[in-house]
Amino acid sequence: MQLDRTHVVVRPRSSSELCDLALLLMRQYFFPLCVAFFVGVLPFALLNALLIGWLPIESEFEGLADDETLAWRTEYVVLMASLIFLEAPLAGIFATLYIGQAVFEQRPTWRQVAQDAWATCRRWVWILGILRGPFPALLILMWCWWLGDADGLAVLFMMLILIFVGSFRAFRPHAPEILLLERCPLRSDKSGAVTFARRSHLFHTPVVGDSVNRFVTMMLLSVLLTVSLFFAMIFLQGVFAQRWSFNLVAQLVYVPVAMWIVAGYSVLFRFLCYLDNRIRLEGWDVELGLRAEVQRQFGVPESEAIAPGVGS
């Protein structure tokens, strides 16, 4: 591995440049990223369908009035968007691990990616799965449906979770990269050890303004991309099947598919923002050059040459 020869030119970039670069990475690593993201998405997609898929099905077969149908469809879209927003970082762990190695002109094996994910599973399950909201949100939805007619209660609790988690995601977005790529422990008995909380504070505090700005930019862009993808699917359905309506297939398939595609794009964008912040804060481009030279001159093993950077 040549640390100073990467598929991504290591230099500071603006938000618009990062958006373009994310699209280029999607094209360059299209198949492996699709596989990695699909593996992470599949269990959540099935859970989401089981938990809220009955909303459009019941409204379709009961023949509700127009106002009632619109209310049920709106609730379905809101809940689906909320769940995917919460689940995206967790569903993207395999894609994050893959792209973290692939930018160094290396194609990691799926076994290696799975081993890296397993090695840090306790950390990301706790931070990304519990503290960042997806597992509590799923449990709350189950509880609301168990209560019976609690649709409004489900939306209320989901909005509260979104406000809480959204504030963390806006101010401290790079928890997945710190956990998966830098492998910072949640706690350590060693004095001076860089734990997750300490690393997150040191890394996010100086760039909090940029992080919030990029979070808002990504949210607005995600809405536009999701709407565009959804209506593109409706257009293709209309052309080939002569069905232009917002039917059951559109609700159960097109809506989540469009949202998950954009969620995958947001994972790449977040990763590139992480690299950009490291370059601006830590001179990561200079660091990589020095480590590459040490590796060439003294034959330092790769695992030592790149620690504690990406892929360590």
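Helices here are DSSP runs of H or I with at least four residues, numbered from the N terminus, and by that reckoning the largest share of the lining of the largest pocket, 12 residues, comes from α12. The model is a predicted one, and its protein chain comes to 15 helices and zero strands. The points below take up the chain as a whole, its two largest pockets, one helix face and three single residues.

**The chain as a whole**

- Of the 312 residues in the protein chain, 48% count as buried, and the accessible surface of the chain comes to about 15700 Å², with 67% of that area belonging to carbon and sulfur atoms.
- When contacts in the protein chain with a separation of 6 or more are considered, 76% of them are accounted for by residues 24 or more positions apart.

**The largest pocket**

- The largest pocket has a volume of about 930 Å³, and among the 36 residues that line this pocket, Phe85, Met218, Met219, Ser222 and Val223 are the closest to its centre.
- Two or more lining residues are given to the largest pocket by each of the elements α4 (66–91), α9 (151–171), α12 (208–241) and α13 (248–282), with α12 providing the largest share at 12 residues.
- Sorted by class, the lining of the largest pocket holds 24 nonpolar, nine polar and three charged residues.

**The second largest pocket**

- About 590 Å³ of space lies in the second largest pocket, which is lined by 25 residues, and of these Phe37, Val41, Val257, Trp260 and Ile261 are the closest to its centre.
- The elements that give two or more residues to the lining of the second largest pocket are α2 (30–52), α4 and α13; α4 and α13 are also listed among the elements that give two or more residues to the lining of the largest pocket.
- By class, the lining of the second largest pocket has 22 nonpolar and three polar residues, and no charged residues.

**The buried face of α11**

- Helix α11, which spans residues 196–204, has Phe196, Arg199, Ser200, Phe203 and His204 as buried residues.
- Seen down the axis of α11, these buried residues fall within an arc of 110 degrees, so they line one face of the helix.

**Threonine 226 in α12**

- Threonine 226 has its place in helix α12, the helix that gives 12 residues to the lining of the largest pocket.
- With a relative accessible area of 17%, threonine 226 is classed as buried, because the cut-off for that class is under 20%.
- Once its neighbours within four places in sequence are left aside, threonine 226 is in contact with Ala258, Met259 and Val262.

**Positive phi in two loop residues**

- Arginine 183 is found in the loop between α10 (175–180) and α11, and its phi is near 55 degrees, a positive value in a residue other than glycine.
- The relative accessible area of arginine 183 is 30%, so this residue is partly exposed, a class that runs between the 20% and 50% limits.
- Glutamine 242 lies in the loop between α12 and α13, and its phi, near 60 degrees, is likewise a positive value in a residue other than glycine.
- Glutamine 242 has a relative accessible area of 61% and is therefore exposed, a class that calls for over 50%.

Technical notes. Residues numbered from 1 in each chain as written. Predicted model: local features only at pLDDT ≥ 70, side-chain atom pairs only at ≥ 80, totals over all residues. Heavy atoms only, no water. Buried < 20%, exposed > 50% of the residue type's maximum accessible area, 1.4 Å probe, protein only. Arc of directions from axis to C-beta. Contact = heavy atoms within 4.5 Å. Areas by Shrake-Rupley, 256 points an atom, 1.4 Å probe, with all protein chains shown as cover. 1 Å grid on protein atoms, 1.4 Å probe; cavity = no way out; pocket = protein on both sides within 12 Å on 5 of 7 lines; lining within 4 Å. Points joined across faces, edges and corners; volume = space filled by probe spheres on them. Nonpolar A, V, L, I, M, F, W, Y, C, P; charged D, E, K, R; others polar.
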